[in-house]
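Colleague: Could you take me through one part of this model up close? I'd like to hear about a pair of helices that pack together, and about the cysteines around there.

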Amino acid sequence: MKPVSTSKSITCNKVMSKNHQKKSQKPKNKRRQQQRWRQKYNKKLLCEQFTYPSFPSQNCFPWKYENIFHQIYKPITVVAGSSIASRLIEYNLQTSKDLVKLTYESGCNCFKMLTWLRSIEGQEMMRGASRIILILGTNDLHVMCAEETVHRIRETVEAIRLLYPGLQLAWQLLQWRIKGTRYLSSGVRVLQEIDKCNIMLLELSHRLNFQTIDPRLTRYHISDDNLHPTYEGSRIIEQCVRQFLERQ
């Protein structure tokens with residue numbers, strides 16, 4: 001067995017005594033450490049720095065966070081309609097001021113729209129929305145005359161305001177079509193009925209205080225079925241909706 005030197009044993013004892021002293025020391029005062037750190041670096045602690053609140057209150061945001069606030073808390077606009085809106089692209093409807101949601105259903109009329117707005121799915125879509133843009137009326141005009149169509153639109157507007165108080169509402173005017181209805185053959189008589197319906201709808205908008213949108217599509221923007229808009233026609237509708245939202 002080899003003898004152990006006395007110098008090594010002394011150093012080992014010193015190391016053990018130092019470790020024992022470190023363990024036996026009292027816990028440091030964290031508050032005093034924070035004060036020294038603040039005095040040395042002249043900077044706020046991480047816990048004292050600004051953090052985003054969990055509620056959308058613009059008064060809580062400094063001026064340098066204003067752009068972030070507008071990106072996070074944009075007003076929501078819902079665009080809902082029939083198959084006329086089937087070729088619209090939700091991304092193309094977005095603006096710098098609004099967050100736009102798009103929904104549509106083939107064959108949708110005013111009655112089906114109200115049923116959807118009362119459903120759980122519709123309420124989830126409308127949560128937080130400040131405005132709704134409706135692209136409806138074509139399927140209603142297919143089974144009834146212009147007077148009855150406008151009467152149904154009036155009932156729809158009043159019902160939506162009861163369901164969602166404070167919601168702003170806009171309605172797109174009926175666009176060019178020559179496809180025949182249940183009571184009218186295709187051609188000029190359908191166009192005359194559409195013009196009559198739009199005139200009455202404009203009068204109703206002034207009376208009930210809601211806005212209207214008119215993309216003014218022509219026969220060159222309608223597909224071969226003489227009813228739905230083409231790709232170019234859908235882009236015109238998107239541009240019209242964006243311009244309407246930017247003016248608000």
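Modeller: Sure, and one bit of vocabulary to start with: two helices count as roughly parallel when the angle between them is under 35 degrees. Keep in mind that this is a predicted model. The pair to look at is helix 4, residues 110–118, and helix 7, residues 146–163. Their axes sit 10 Å apart and make an angle of about 10 degrees, so helix 4 and helix 7 come out as roughly parallel to each other.

Now for the residues that touch. Helix 4 brings Cys110, Leu114, Leu117 and Arg118 to the contact. On the other side, helix 7 offers Arg152, Ile153, Thr156, Ala159, Ile160 and Leu163.

That list includes Cys110, which leads to your cysteines. Cys110 is buried, because its relative accessibility is 1% and the cut-off for buried is under 20%. Cys108 is buried too, with 3% relative accessibility. What about a bond between them? A disulfide is a covalent bond between the sulfur atoms of two cysteines. To count here, the two sulfurs must lie within 2.5 Å. The closest cysteine sulfur to that of Cys108 is the one in Cys110, and at 8.0 Å it is too far away for a bond. Seen from the other end, Cys110 is in no disulfide either, with the sulfur of Cys108 as its nearest, 8.0 Å away. The disulfide count therefore comes to zero.

Definitions and conventions: Residues are numbered from 1 along each chain as its sequence is written. This is a predicted model: local features need pLDDT of at least 70, side-chain atom pairs count only at pLDDT 80 or more; totals for chains, interfaces and linings use all residues. Side-chain values use heavy atoms; hydrogens and water are left out. Buried means under 20% relative accessible area, exposed over 50%, partly exposed in between (1.4 Å probe, protein chains only). Axes are lines fitted to C-alpha atoms, for helices over the stretch in contact, and angles run from 0 to 180 degrees between N-to-C directions. Helices (H or I, at least four residues) and strands (E, at least two) are DSSP runs, numbered from the N terminus. Angles under 35 degrees count as roughly parallel, over 145 as roughly antiparallel, 65 to 115 as roughly perpendicular and the rest as oblique. Contact means heavy atoms within 4.5 Å.
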